Each structure stands twice: as structure tokens, then as C-alpha cells.
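User: I would like to learn how to read surface patches and cysteines in a model. Please take me through them one at a time.

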Amino acid sequence: MKLLIASDIHGSAYWCRKLMESYKSEKADRLLLLGDILYHGPRNALPKDYDPKQVIEMLNGIKDEVISVRGNCDTEVDQMVLKFPVLADYAYILEGKTTIFATHGHVFNTENLPPMKKGDILLHGHTHVPACKQFESYTYINPGSTSIPKENSHHGYLILENRLFTFKDFDGNTINTFEF
């Protein structure tokens, strides 16, 4: 299965449209969203073309292909308008003998680890900064932000296919890879 993984859309119709274009051109089987879908949050400036209603329409159009976890800016009212589950704090992805713990990052993160076995992967957004860091017992991966990248990072997403994570920008350029 080929997953396109993205985080922190924050209601940007412009960047959600870019995400949808990438999802189609990548021919991914599922879209995994790591939270903060509609609201920009009080600490962030409005992202380009902030229009949560358009984001709702785009994502609901592929509702059967979306897997999502709750971000710190996602609430019950978001679940009322989105036609796929968005309020789970985490999801498990099993890839061979490796478990990928997918979450937003505001609860479980490198400072507050979920239960994981040696070799597992902690996958989360929240920081708006792409990351791929190996620790002694696990690997931490972050796709960065779709709409509001921080620390001079790129607008982008991840592809997971055949035990390979590929970090990409919205021009389709590969930024980094990690095989496990």
C-alpha cells in the first residue's frame, strides 16, 4: 500500500489543493492526515487562501481514502463537518514487524513516548518542521507542515511505500528518504 502522509493543513485551501494534486499524481492508496486540518490556531498567522469550507469539500470528496488523527486545533465541531473520523489521538500502521505510531505530536512525542518496541517508528506533525531522527530504540519521523512550514523548511508531505519514507515538496522533488 502506498500512503501519502501530511500534517497541519490549517484550513488553507491553496495548500490543500496542492496536496490533493500530489495525492492524485502520486497515485497513493490512502491519505494519512496527522491533524490540524481546518483551524489555523491562535499562534499561527492565517495561511495562504484560508478557507476551511473549501478544505472540507476537497477532503470529503475522498472521505473513503482518508485516515486521520486529531491535532490540537481539531475539535468536535470539525467532526460534524468532515465525513471521516478525525478525533482519534493516534493510529497504528503495521508494516511487517515494524509498528508505526501515527499521532499529531501534541500529546505523544519524543518527550512523551507512547508504548513502542525497539525498532518502531513515531510519526507525528505538530512542530511544522520535517524530521527524520534515529534514537536508540525508535525512529522519529515528521512530514513538516503542508501550509505553514517553520524553521525555513518546505511545504511538503511524505510518501510511505515498501518500507521507504520519501520526503517531498509540492513540486514533486525528493528532499530526503528513510528506509526501515
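**Patches and cysteines**

Analyst: Asp29, Asp64, Glu65 and Glu161 form a negative surface patch. The model is a predicted one.

User: Where does Asp29 lie?

Analyst: Asp29 sits in the loop between α1 (13-26) and β2 (30-33).

User: Why can Asp29 be counted in a surface patch?

Analyst: A patch residue needs over 30% relative accessible area. Asp29 meets this because its relative accessible area is 41%, which makes Asp29 partly exposed.

User: Which residues form a nonpolar patch on the surface?

Analyst: That patch consists of Val77, Met80 and Val81, and together these have about 300 Å² of accessible area. Val81 belongs to helix α3, which covers residues 76-81. With a relative accessibility of 36%, Val81 is partly exposed.

User: Now the cysteines. How many disulfides does the structure hold?

Analyst: A disulfide covalently joins the sulfur atoms of two cysteines. The structure holds 0 disulfides.

User: Why does Cys73 not form a bond with the closest cysteine?

Analyst: The cut-off for a disulfide is a pair of cysteine sulfur atoms within 2.5 Å. For Cys73, the closest cysteine sulfur is that of Cys16, and because it is 16 Å away, it is too far for a bond.

User: Is Cys73 buried or exposed?

Analyst: Cys73 is buried, at 11% relative accessible area. Cys132, in turn, has a relative accessibility of 30% and counts as partly exposed.

Notes
Residues are numbered from 1 along each chain as its sequence is written. This is a predicted model: local features need pLDDT of at least 70, side-chain atom pairs count only at pLDDT 80 or more; totals for chains, interfaces and linings use all residues. Side-chain values use heavy atoms; hydrogens and water are left out. Patches are made of residues with over 30% relative accessible area and no salt bridge: like charges are joined within 9 Å, nonpolar side chains (Val, Leu, Ile, Met, Phe, Trp, Tyr) within 5 Å. Accessible areas come from the Shrake-Rupley method with a 1.4 Å probe; for residues, only the protein chains shown count as cover. A salt bridge is a side-chain nitrogen of Lys or Arg within 4 Å of a carboxyl oxygen of Asp or Glu. Lys and Arg count as positive and Asp and Glu as negative; His and the chain ends are not counted. The place of a charge is taken as NZ of Lys, CZ of Arg, CG of Asp or CD of Glu. Helices (H or I, at least four residues) and strands (E, at least two) are DSSP runs, numbered from the N terminus. Buried means under 20% relative accessible area, exposed over 50%, partly exposed in between (1.4 Å probe, protein chains only).
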